[in-house]
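Open the model in your viewer and switch to a cartoon view. Keep the selection box ready, and follow the stops in order.

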Amino acid sequence: MSGAYFPFLAWNPVSVTIGANVRDARTYRQVELDWTPGLIRNCSFARVSGWIGVTGEDRTHGGQALTIFDLRRRKTTFRFPFETVLNHALDVSGVSAAIVLPSENRQIADLILLHTKSGDMERIVTGRLHHRSTLSWFPDQERIAYECADDEIEVVHRSTRVIDTIGRGHAPAVASDGSLIVAERDRRLVLFDVDAHGETEIDTGRVTPTLGVSWAPGSPRPMLSIGGTRGRTGKETRFSLLDIDHQHVEELPLEYQTGLSLISADSNLFEETDR
């Protein structure tokens, strides 16, 4: 792991942070949004467009929204207001956004596909998702992993609506080649082989994972970011890098964040952000 760089996107309820290397606090930069967030639920990154998606409360305009911020131009490109928006994930281009919205039965949620340029929306999964579900795109931009209400990880094909059941867990994260899904289960990590339908528990050392994980895109070895709570009140979240093959855990200097996603991004994007 020595010398490897891991670009990242992180967030807490009121701010978004980005950096060229999550292992080096000197690269951390707060994103200067052109609106004021109140309670950020999650963020995602579209590598091709350099867009950041943010779901949560918007104190500037009122209410909740999915807001898409262009990191290169440093301005909001799109804003989609909702009565309640629970989670989202931009695809690699930012053309599509998968969104979790409460169902008519408020105890469960739907998976909506939003076409960001037109604003058109289509419901591709109805009444199956858990409210806490996170979303993860496969590299084919056709399949999306999510957590359903009975704590099973499922994968839906956006064009056919066919649903595959993967296994029990939550907060799924799809590997960059689409062959594996990692998820949290009973405060442990489980690795699912998508094609073979097998599963393996991952040793996370002294870290008890309580938050969603993310894969390091393009890493020569399978690397994950993992988050766990600690401290007297159990409310302090600390993040680590996990080398799966060598079962090595490295604590990161990232502090005061509630979410973290390792991303693939051009180095010039961070240079532009610094200006």
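Select Thr17 and Gln30. Thr17 has Gln30 of β3 as its bridge partner. This is a predicted model, so keep that in mind at every stop.

**Stop 1: the open sheet**

Now select the two strands around that pair. β2 covers residues 15-19, and three bridges join β2 to β3. The two strands run antiparallel. Strands of a sheet pair through backbone hydrogen bonds, either parallel or antiparallel.

Widen the selection to the whole sheet. Which order do its four strands follow? The order is β3-β2-β1-β24, in an open sheet with antiparallel pairing. Find the edges next: they are β3 (28-30) and β24. Each edge strand has a single partner, so one side of each is left without a neighbour in the sheet. Turn the view to look across the strands. From one strand to the next, the twist averages 20°.

Stay on this sheet and pick Ile18. Ile18 sits in strand β2. Is Ile18 buried or exposed? Its relative accessible area is 1%. The cut-off for buried is under 20%, so Ile18 is buried. Then add Val190 and draw a C-alpha to C-alpha distance. Ile18 and Val190 are 27 Å apart in space, and 172 residues apart in sequence.

Move on to Asn21, in the loop between β2 and β3. Asn21 is also in a loop position that is covered: it is buried, with a relative accessible area of 6%. What does Asn21 touch, leaving out residues up to four places away in sequence? Select Ala4, Tyr5, Phe6, Pro7 and Phe8, then Thr27 and Tyr28.

**Stop 2: two hairpins that share a strand**

Select β10, residues 109-115. Six of the seven residues of β10 are buried. Add β9, residues 96-102. β9 and β10 pair in the antiparallel sense over seven bridges. To see one of them, show Ser96 with its partner His115 in β10. The two strands form a hairpin, with six residues between them.

Next add β11, residues 121-129. β10 and β11 run antiparallel and are joined by five bridges. One pair to show is Ala109 with Leu129 of β11. These strands make a hairpin too, with five residues between them. Click on Gly119 in this hairpin: its phi is positive, near 85°.

**Stop 3: the hairpin of β22 and β23**

Select residues 236-243 for β22 and 248-251 for β23. Four bridges join these antiparallel strands. Show Ser240, which stands opposite Glu251 in β23. How many residues lie between β22 and β23 in their hairpin? There are four. Gln247 is in the turn and has a positive phi of about 50°.

Keep Ser240 on screen and add Val207. Val207 lies in the loop between β19 (198-202) and β20. Val207 is buried, at 18% relative accessible area. Beyond its neighbours within four places in sequence, Val207 is in contact with Ser240, Ile226 and Val249. From C-alpha to C-alpha, Val207 and Ile226 are 8.2 Å apart, with 19 residues of separation in sequence.

**Stop 4: two exposed loop residues**

Select His197, in the loop between β18 (188-193) and β19. His197 has a positive phi of about 60°, although it is not a glycine. Its relative accessibility of 57% makes His197 exposed.

Now jump to Tyr256, in the loop between β23 and β24. Tyr256 is not a glycine, yet it has a positive phi of about 60°. Tyr256 is exposed, at 69% relative accessible area.

**Stop 5: the largest pocket**

Turn on a surface view. Rolling a probe the size of a water molecule over the atoms shows where empty space is left. The largest pocket holds about 1,400 Å³ of space. Its lining has 50 residues, and those closest to its centre are Cys43, Leu135, Val213, Ser214 and Ser261.

Colour the lining by class. It has 27 nonpolar, 18 polar and five charged residues. Which strand gives the largest share of the lining? Select β4, with seven residues. Strands that supply at least two lining residues each include β8 (87-90), β16 (170-174) and β24 (259-262).

Conventions:
Residues are numbered from 1 along each chain as its sequence is written. This is a predicted model: local features need pLDDT of at least 70, side-chain atom pairs count only at pLDDT 80 or more; totals for chains, interfaces and linings use all residues. Side-chain values use heavy atoms; hydrogens and water are left out. Buried means under 20% relative accessible area, exposed over 50%, partly exposed in between (1.4 Å probe, protein chains only). Two strands pair if DSSP finds at least two bridges between them. On a 1 Å grid over the protein atoms alone, a cavity is a set of points where a 1.4 Å probe fits but cannot get out, and a pocket is an open set with protein on both sides within 12 Å along at least five of seven lines; lining residues have an atom within 4 Å of a point. Grid points are joined across faces, edges and corners, and a volume is the space filled by probe spheres set on the points. Ala, Val, Leu, Ile, Met, Phe, Trp, Tyr, Cys and Pro count as nonpolar, Asp, Glu, Lys and Arg as charged, and the others, Gly among them, as polar. Contact means heavy atoms within 4.5 Å. Axes are lines fitted to C-alpha atoms, for helices over the stretch in contact, and angles run from 0 to 180 degrees between N-to-C directions.
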